[in-house]
Every structure is written in structure tokens, then in C-alpha cells.
Amino acid sequence: MYAIIRIHCEVSRRMLPINAKASQRAVDVLNYLYAISGSKTLTGIHNWLEDPSGYVNEINKLYGDYPGIAGYEMGPISGQTAAQVTSQRQNVTNAAKKYVQSGGLVTMMWHQNYPLTTYAWSNVQRNTTDAEFNRVCTPGTAEYNWLISEYDKVAVFLKQLRDADVPVLWRPYHEMNGNWFWWGKKQNFKLLWDIMYDRFTNYHGLNNLLWVWNANAPKSSDINPYLTHFVGTSKCDILGTDLYMYGSEPFKQEYYDGLVAISGGKPVAIAEIGQLFPSSTFTKQPKWVWFMEWANYLYDYNTSSQRNALYSTSVERMLNRSKVNIPTTPTPDTQAPTMPLNLAASSKTMTSVTLTWTASTDNIGVTGYEVYVNNTILAGTTTTTSFTVTGLTANTAYRFLVKAKDAAGNNSAFTPPLTVTTDAIYTGFVRGINFGGASVTMDEQTWLAGDYVLFTYSSNSKTYVNSPAITPVPAVDSVSSVMLNSKIYASESSFTVAQALSNGNYQVYVWSLESAQANSSSFDVVLEGVQVTTVPIGLLALNNWARYGPYSITVKAGVLSMEVRRVTGDPGLAGMAVYTAAV
């Protein structure tokens, strides 16, 4: 059982990759490398394309733990067929995905063959002139078209890793300051780098890649200095060098110092190493964030003591996979909810419109909806899929829009606009009824008595006349006072009234007065089966009265039905008036 050393990215500010759209997980990995620089170093080893788990398994067999970083290859060099290449790259992708999901990091490289040649090692090491190289970088040439097609083939697998949220330390065209690869020591090397970066980042959206510029240690006069082919700190996230020393050949301090000098403070790594250096090297070279042993060199050029000095789980500085702990930042929610659909007006009055719509969906969850009037005026918010807009003007056209929002503040697109015209106020008097008394003349209109034959009410309703008569508040004329001092009501229950009425559109007002005790009753009004009150009415102070409405309704069967639906107390009404549009 190995103790887990927790490395915290407690840096003064978050360091961002060169790709502004880099995934949050890639950002976390880069900041982890910044955090361990100077104190910890990730162990690593390369694996062949044909056997992507071979050497990480060797480390595990030796030390009971896997290296912190697994190195992978995307370049076929053994005459593989296209089908074999696809299969091998898929195996690499699967292995890389599993490695990261198990807690490690992955770095990938590509021994790419020269354009228009076969998958052979000799075509990777092809002796190429600058003129030939420039054809590869010139749009429209056969070499350029081949290059892009090969990028697209590899992008298929890198996208799988992107979609699995697997960050990749991507180190293409390594050792470019030497002359043993076709891209080596070329005057326009930076152009090739830019072409790949653009294709992978801007075309394929491979935002899981951290870009590793990887030169060779300038150990001899035939290897150019680092700076000769350096793409610049604005075009790479990490700088690496390859150290292949043999026998007593020293790991010169200048190989480290030269890389740090051009890094601009970015992490530096030993991207490949042959013979392992002693752990004492870290005393003067503390910023190496990882080293990657080159596959078979683990045994071919190293003794057990050399291996033990860096891979042993007892070495405090070194980070094998079980010691890797990358702090994670929750991925910001940037996905907007879907647009609400089917915006409609389920009902309307002279001063209000009730809207409904189909619910939006969201990757995390919709938290509510905003309803707008005439494009810019926020009418209100709701967590349901309906909303009543109030305070409108009669006989006026309004334009309504609805959008959804989530907890992260993402907003959906607006619904297509819905235009609704509020009801006009009807002025044509049709009928008034003094529910609890005799016929009266109100506003020069004759109201019917409560026992008028066109009016019926249920057997559980009662008629009541205030005696002695009370003075309504606010004050009214004597005729209105007579009407308000009588009513029909039901004892702690609802009741229904109905009257014959020609089919058509009408508006209805109802009157109520409280003569028992303050706020003793409340109720809703339902006309033709439609509840027209948005909140209960009838809660009045003692001796106070109110006129409610108008409520719009359509009569279709020759009878106007009104239910007084109890909420509290003994609901009752004093009168009712019906209007239609003036002729």
C-alpha cells in the first residue's frame, strides 16, 4: 500500500494553455506541472505502437506501481497496412484512455513518414532538402494534401480522447534541431508546426492537447542550439529535450540551463532519455517535471541500481502513478438550455394574458423562465411552464417572448414571438341580476330580480337580506345599497347559478359585500367551466364591498353557467351584470 503524496496547485494565478479553448482538464494538468516544478518529477516510459502497454507493465512488475506518465506512439514504421495502422492506433487510444482514468498522465508522439511514402522507418529518417520540405508546407501541393489527410487520420483518435476528457501532452516533430528526421534542421520548421496546430486546434477542435516543443540536447556540433528552431513560448505549453548519454558521457548542466533560459517560466521536461541520470542531478536541475525512459533502453542501457534510483516507490521526489493527484476544477457549465417551444396564450382578459409553453431541457437543469413583453420589458420569471402577465391595457396588441435559464446563467434562445391582443372592454349592457332581492334600476339599466325565471341556483344556496340594512363601504347611492344588502350564499360549500343566454362573447362583473365578519370568506369564479379568477376573491373588511371583473367568457350552448367555488367561509354574491360589445 503506497502513501499518496498530494500536490496542490496553490499558485498565485491559473496558468492558461496557448489554446484559449483548452479543456478544463487540460488546464488542470498544465497547472499541476507548474505546481510540481522544482520539487517533484513524474516518472515515465515510452511504449511501442504495436504494444501500447508493454513497458508500463514492466515498470509495474519491477516496482508494484506504474509510472506517472505513459508515453505512446502514433507513427507506424514497419510497413503496416492501412487496416493495421487503424487497429494499432485504436489500441493506443484505448490504452491511453484507461491510463488517465486510472490516475496517470499520457504523452504522445508521432514518427511520421515523409509525405507520399510508405510506413517505413527509412521514410521517417529520409534525407530531405529545404526545397522538398517547403513543398510539404505549401497548400495545393500533393505533399501538402497528403500531410493534411494524415493529420485528419490521427485526429480521429485524438478526438476520442478529447470526448473522454483525456488531456494529452502532445509532442510532434521532436528532435527538430538534429538532421536525422525529414523535418530536422529545416529553415521553415516553424511553419510545419503552425500547420499542424491550426489543423488540430482550429479545424478539429482538439482542445485536450497540451503542446510540447521537444528538441534534442545540443551535445555535438551537428545539432543546432535550442533557439534555432524554437517556435516560441506563445506556441507551446511545455518545453522538452531528449537526453541520450552513454557510458560516462555527462548530463551537462548547459542542456538544462539552455532550455530553462528560453522557457519563459514554462515547465520543462526530459521528453526522452536513454541512460538514466542519477537522482543527485535534481540538486542542480530541479525543474524537470517529468522524464520518459525510451522503451527498451530500460534494460538495454540501465542497471537495476540506475532504475531503482528513479522508479523506486521509496524515492520521495519521484511521482509514480499512485502518487499523482491532479487537483480538478469543476468544468464550467457553458451549455445553454434548449429554446422553449409552442408558446401560446391559454387565456386572456382586458388586462392580462396567460401564456404556456413546452419545457426546455438542459445538461444540468433548467432553473426558470423569463417572460418579456414587447421585446425588452421583463414581465416576470417563473419556474413552471406558464405565466400570467398582468397590468395590461384593454384592446391592445402585445408581443411576448420567453427564454429559459440555468443555474450558471446560460440563457436559451427566445421563443418565436407571440402577438396577443387583450380583450376590449364591453359597453353593451345585456343583463343585471339582483341575486337576493327584487328588480332594481342600476345606472339607468333595469336589473332582474333574483327569482327571475332565467336564473336558477342550487338547492343548498340561501338568500339573505341584511336587516337592519348596513351602510356599504365605500359609500354608494341608495339603489346600489339595496342591491348590496341582499345576497345568495352557500354554507361552507360552493354553488352554481345558470341562466339562458344567446351564444356569443360576453364580459361578466360580480358584486360581493361582507356583512358577517371581516375576511370570513373567499372564493373563485368559474364561468362555462373556466376559472376566470387568478387568485381567490371575496376577502373583505366588515361592511366593505367590491366589484370584480370584467371576466371574459364565450357562451356556446345557450346557457351561461357560473360556479362560485368555495375557498374559505360561506361564499356569497350580491349581484351580477353581463355585457357584450356595443353595436
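Two strands count as paired when DSSP finds at least two bridges between them. With that in hand, let us walk through this model, which is predicted, starting with a small piece of sheet.

Strands β22, β23 and β30 make up an open sheet of three, in the order β22-β23-β30, with antiparallel pairing. The edges are taken by β22 (461–465) and β30 (572–573); each has a single partner strand, so one side of each has no neighbour in the sheet. If you look at β23 (residues 486–490) and β30, you will find two bridges joining these antiparallel strands. To find the register, look for Ile 488, which stands opposite Leu 573 in β30.

Strand β18 (residues 428–434) is a good next stop. Five of its seven residues are buried, so this strand is largely enclosed by the rest of the structure. Its pairing with β31 (residues 575–580) is antiparallel and runs over six bridges, with Gly 428 opposite Thr 580 in β31. The pairing of β18 with β20 (residues 445–449) is parallel and rests on two bridges; here Ile 433 stands opposite Leu 448 in β20. Both senses fit the general pattern: strands of a sheet pair through backbone hydrogen bonds, either parallel or antiparallel.

Now let us turn to a helix. In α8 (residues 253–263), the buried residues are Tyr 255, Tyr 256, Leu 259, Ile 262 and Ser 263. Viewed down the axis of α8, these buried residues fall within an arc of 145 degrees, so they line one face of the helix. The spacing makes sense in general terms, because an α-helix has 3.6 residues a turn and residues three or four places apart point the same way. Among the elements covering the buried residues of α8 are β6 (209–216), β7 (238–243), β8 and β9 (288–293). Just after α8 comes Gly 264, with a positive phi near 65 degrees.

Strand β8 leads us on to the annotated residues. An unreviewed UniProt entry carries the annotation "active site" for Glu 175 and Glu 272. The two are spread over 98 residues of sequence, yet they cluster in space, with a largest C-alpha distance of 10.0 Å. Both Glu 175 and Glu 272 belong to the lining of the second largest pocket.

Their settings in the fold are worth a look. Glu 175 sits in the loop between β5 (168–170) and α7 (189–203), while Glu 272 is part of strand β8 (residues 268–273). Are they buried or exposed? Glu 175 has 6% relative accessibility and Glu 272 has 3%, so each counts as buried, the cut-off being under 20%. Leaving aside residues up to four places away in sequence, the contacts of Glu 175 include Trp 180, Phe 181, Asn 214 and Glu 272. On the same basis, Glu 272 touches residues including Met 109, Arg 171, His 174, Glu 175 and Trp 294. Asp 242 and Tyr 244 are contacts of Glu 175, and Asp 242 and Tyr 244 are also among those of Glu 272.

We can finish with the cysteines. How many disulfides does a search of the whole structure find? The search returns zero. The sulfur of Cys 137 has its closest cysteine sulfur in Cys 236, 18 Å away, which is too far for a bond. Cys 137 is buried, at 7% relative accessible area, and Cys 236 is buried too, at 0%.

Methods
Residues numbered from 1 in each chain as written. Predicted model: local features only at pLDDT ≥ 70, side-chain atom pairs only at ≥ 80, totals over all residues. Heavy atoms only, no water. UniProt positions renumbered as here; feature names shortened; annotations may be inferred. 1 Å grid on protein atoms, 1.4 Å probe; cavity = no way out; pocket = protein on both sides within 12 Å on 5 of 7 lines; lining within 4 Å. Helix = DSSP H or I, 4+ residues; strand = E, 2+ residues; numbered from the N terminus. Buried < 20%, exposed > 50% of the residue type's maximum accessible area, 1.4 Å probe, protein only. Contact = heavy atoms within 4.5 Å. Arc of directions from axis to C-beta. Disulfide = S-S within 2.5 Å.
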